[in-house]
Amino acid sequence: MNDVIYTFNGKDITMNVCIQIRAVVDIMQEQLGIDFEEALLRFYKSQTYKTLQNTENAFWAESAEYIAERYFEEMKEVAAIS
């Protein structure tokens, strides 16, 4: 299976993005005390994940810690609005 899902400047970065997603989800699990599936579902529903999917902005090249921090900031903003 060699499906190209994510590209940047014409190059396949699918593995890079998948590794980032896994690392962010690991951070979420640790900080929120939730299991992998719950963390993954929460991340997939976030604007942060949508931003990560837009590979042209190079957000995927940031550290997992930075991406996770953006996620946590997004959740604080959502909570403040609710």
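**Helix H1 and its surroundings**

User: What do the buried residues of H1 pack against?

Analyst: They pack against strand E2 (11–12) and three helices, H2 (36–44), H3 (47–53) and H4 (64–81). Helices (H or I, at least four residues) and strands (E, at least two) are DSSP runs numbered from the N terminus. Buried means under 20% relative accessible area, exposed means over 50%, and partly exposed is in between, with a 1.4 Å probe and protein chains only.

User: And what sort of model is this?

Analyst: This is a predicted model, where local features need pLDDT of at least 70, side-chain atom pairs count only at pLDDT 80 or more, and totals for chains, interfaces and linings use all residues. Residues are numbered from 1 along each chain as its sequence is written, and side-chain values use heavy atoms, with hydrogens and water left out.

User: How many residues of the protein, in percent, reach a pLDDT of 70 or more?

Analyst: 99% do, and the mean for the protein is 95. pLDDT is the predictor's confidence in each residue, from 0 to 100. Among the elements, strand E1 (residues 7–8) has the lowest mean, 94, and H2 the highest, 98.

User: Back to H1. Which of its residues are buried?

Analyst: Thr14, Val17, Gln20, Ile21, Val24, Val25, Ile27 and Met28. Down the axis of H1 they fall within an arc of 160°, so they line one face of the helix. The arc is taken from the directions from the helix axis to the C-beta atoms.

User: Why would residues a few places apart point the same way?

Analyst: An α-helix has 3.6 residues a turn, so residues three or four places apart point the same way.

User: What's on the face of H1 turned away from the buried side?

Analyst: That face carries exposed Met15, Ile19 and Glu30.

User: What span should H1 have, and what's the distance between its ends?

Analyst: At 1.5 Å a residue, the 19 residues of H1 (14–32) should span 27 Å, and the end C-alpha atoms are 27 Å apart, which agrees. The expected span is 1.5 Å times one less than the number of residues.

User: Gln20 is on that list of buried residues. What does its side chain reach?

Analyst: Its side chain reaches the backbone oxygen of Trp60 at 2.9 Å and the backbone oxygen of Glu62 at 2.3 Å. A polar contact is a pair of N or O atoms within 3.5 Å; within protein, one must be able to donate a hydrogen and the other to accept it, and residues adjacent in sequence count only if both atoms are side-chain atoms. The relative accessible area of Gln20 is 12%.

User: Which residues touch the most others in the largest nonpolar core?

Analyst: Out of 21 residues, Val17, Ile21, Val24, Met28, Phe43 and Leu52. H1 gives the most to this core, with 6 residues. A nonpolar core is a set of buried Ala, Val, Leu, Ile, Met, Phe, Trp, Tyr and Cys residues joined through side-chain atoms within 4.5 Å.

User: What does Val17 touch?

Analyst: Tyr6, Leu52 and Trp60, not counting residues up to four places away in sequence. Contact means heavy atoms within 4.5 Å.

User: New topic: which buried residues does H4 have?

Analyst: Ala64, Ile67, Ala68, Tyr71, Phe72 and Glu74. They cover an arc of only 155° around the axis, which puts them on the same side of H4. On the other side, Glu65, Lys76, Glu77, Ala80 and Ile81 are exposed.

User: Last one: where is Asn9, and what is its phi?

Analyst: Asn9 is in the loop between E1 and E2, with a positive phi of about 50° although it is not a glycine.
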